[in-house]
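Subject: The structure I promised you

Hi there,

Here is the structure we talked about, with the sequence alongside. Have a look at it first, and then read my notes below.

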Amino acid sequence: MEETEKIIDFILTRKKYDGACDKLFSSILQAANQSNGLALLGHSFGGASMALTAQKEEGSSKRINSLTMLDPWAFALEDESLARGLPTSSLSILSEAWLTNPES
């Protein structure tokens, strides 16, 4: 979550990027509309991580506007996080393999 929050901070504050792709990255940031916040997306454990990040960001001046989770590995989340729910618009897509997974 800490790494994701640093990326969110970086994108929303548009701090100078000191890397080889500075011009390309800057042009992407300029083309993207971030005025309504960012959309988080994650697959499997990344989906669970993005859910936790969205929960932690709740109330942070609408920095996150949506969450998409592909085959989220919710079994990695603590019961407290599961009971808390998601603080933003969300979409969860499960493949057939997850529907028949023994963990479910």
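Start with strand E1, where the side chains alternate: Leu38, Leu40 and Gly42 point to one face and are buried, while Ala39, Leu41 and His43 point to the other face and are not. "Buried" here means under 20% relative accessible area, "exposed" means over 50%, and "partly exposed" is in between (1.4 Å probe, protein chains only). Strands (E, at least two residues) and helices (H or I, at least four residues) are DSSP runs, numbered from the N terminus.

Before you go further, please keep in mind that this is a predicted model: local features need pLDDT of at least 70, side-chain atom pairs count only at pLDDT 80 or more, and totals for chains, interfaces and linings use all residues. Residues are numbered from 1 along each chain as its sequence is written, and side-chain values use heavy atoms, with hydrogens and water left out.

The sheet

E1 belongs to an open sheet of three strands in the order E1-E2-E3, with parallel pairing. Two strands count as paired if DSSP finds at least two bridges between them. The edges are strand E1 (38-43) and strand E3 (89-93), each of which pairs on one side only. From one strand to the next, the twist averages 10°; axes are lines fitted to C-alpha atoms (for helices, over the stretch in contact), and angles run from 0 to 180 degrees between N-to-C directions.

E1 and E2 are joined in the parallel sense by six bridges. Two of the residues you met in E1 have partners here: leucine 38 stands opposite isoleucine 64 in E2, and glycine 42 stands opposite methionine 69 in E2. On the other side, strand E2 (residues 64-70) pairs with E3 in the parallel sense over five bridges. There, serine 66 stands opposite serine 89 in E3, and threonine 68 has leucine 91 in E3 as its bridge partner. How do you get from E2 to E3? E2, H4 and E3 make a right-handed β-α-β unit; right-handed means that, with the strands pointing away from the viewer, the path from the first strand over the helix to the second runs clockwise.

Two helices on the sheet

Helix H1 (residues 2-13) packs on the sheet and touches E1 and E2, with its direction at about 150° to that of E1. Contact means heavy atoms within 4.5 Å. H1 has 12 residues and reaches 16 Å from its first C-alpha to its last, close to the 16 Å expected at 1.5 Å a residue; the expected span is 1.5 Å times one less than the number of residues. Its buried residues are Thr4, Glu5, Ile8, Phe10 and Ile11, and the buried residues of H1 pack against helix H2 (22-31), E1, H3 and E2.

Two residues of H1 deserve a closer look. Threonine 4 counts as buried because its relative accessibility is 17%. Leaving aside neighbours within four places in sequence, threonine 4 is in contact with Leu40, Met50 and Thr53. Glutamate 5 counts as buried too, because its relative accessibility is 14%. Not counting residues up to four places away in sequence, glutamate 5 touches Thr53, Lys56, Glu57 and Arg63. Glutamate 5 and lysine 56 are 51 residues apart along the chain, and their C-alpha atoms are separated by 9.3 Å.

Helix H3 (residues 45-57) lies across E1 and E2, and runs at about 150° to E1. Its 13 residues should span 18 Å at 1.5 Å a residue, and its end C-alpha atoms are 18 Å apart, which agrees. The buried residues in H3 include Gly47, Ala48, Met50, Ala51 and Thr53. What do the buried residues of H3 pack against? They pack against H1, E1, E2 and helix H4 (79-84). After H3 comes glycine 59, with a positive phi near 85°.

The whole chain

Stepping back, the protein chain has five helices and three strands, and along the sequence they follow the pattern α-α-β-α-β-α-β-α. Of the 104 residues in the protein chain, 30% are buried. Among contacts between residues at least 6 apart in sequence, 62% join residues at least 24 apart.

Happy exploring!
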